Amino acid sequence: MQFIMSTRSLARLDQAAIRAASQRSRSGQAGHAGSGSSLYATFATAERARSMLRQVLRLKQWVAVTSRADDLHHLGEGSIGQAVRLRISEGSDPREFLAAYDSDRCFTLSVIAPCPQCAAPVPTVRIGSLADYGDWLNNAPNLAESPHYRTSPAHRDGCPISRE
């Protein structure tokens, strides 16, 4: 039986991410957002994307991660199919991520959040670890931009960031 992550459990995930970011900061290690985890291929499976999110965020098996093809974003240049949109929690404040290939042909995860200019939900920051996610939650400077941030068709018309 698969359980849905409660809002309380999602808050625990956020707290764990913030702790990981804080520990990394105290140790003096630089963030390594953007490190890819797999080589380029012309397709990817939703199962691979869910597995990658579980590994990056250290999610337990009972945490429900839903996935679907993302209708707006391509998987990557020269690839077949759409990127994969991942969602944690069916609660009032779910977390969403985009799994797609970057220009270095690495399968990457990006946090989907409101664009600071047009408020449209777009892939904003690339994450490669729980600490990267914690840095995003803390609004840390120098986060690695998602490879799909500027080109996302989800930006609203007239957004100065889209397609720069």
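Colleague: What should the 12 residues of helix H2 span, and why does the distance between its end C-alpha atoms agree?

Modeller: This is a predicted model, where local features need pLDDT of at least 70, side-chain atom pairs count only at pLDDT 80 or more, and totals for chains, interfaces and linings use all residues. Residues are numbered from 1 along each chain as its sequence is written, and side-chain values use heavy atoms, without hydrogens and water. Helices are DSSP runs of H or I with at least four residues, strands are runs of E with at least two, and both are numbered from the N terminus. The expected span is 1.5 Å times one less than the number of residues; H2 (residues 46-57) has its end C-alpha atoms 16 Å apart, which agrees because the expected span is 16 Å.

Colleague: Which residues of H2 are buried?

Modeller: Buried means under 20% relative accessible area with a 1.4 Å probe, counting protein chains only. In H2 that applies to Ala-49, Met-52, Leu-53, Arg-54, Val-56 and Leu-57.

Colleague: In what order do the 5 strands form the open sheet?

Modeller: Two strands pair if DSSP finds at least two bridges between them. The pairing here is antiparallel, and the order is E1-E2-E3-E4-E5. Strand E1 (65-74) and strand E5 (121-127) each pair on one side only, so the edge strands are E1 and E5.

Colleague: Over how many bridges do E1 and strand E2 pair?

Modeller: Val-65 stands opposite Ile-88 in E2. E2 covers residues 82-88, and its antiparallel pairing with E1 runs over 6 bridges.

Note on methods
Buried < 20%, exposed > 50% of the residue type's maximum accessible area, 1.4 Å probe, protein only.
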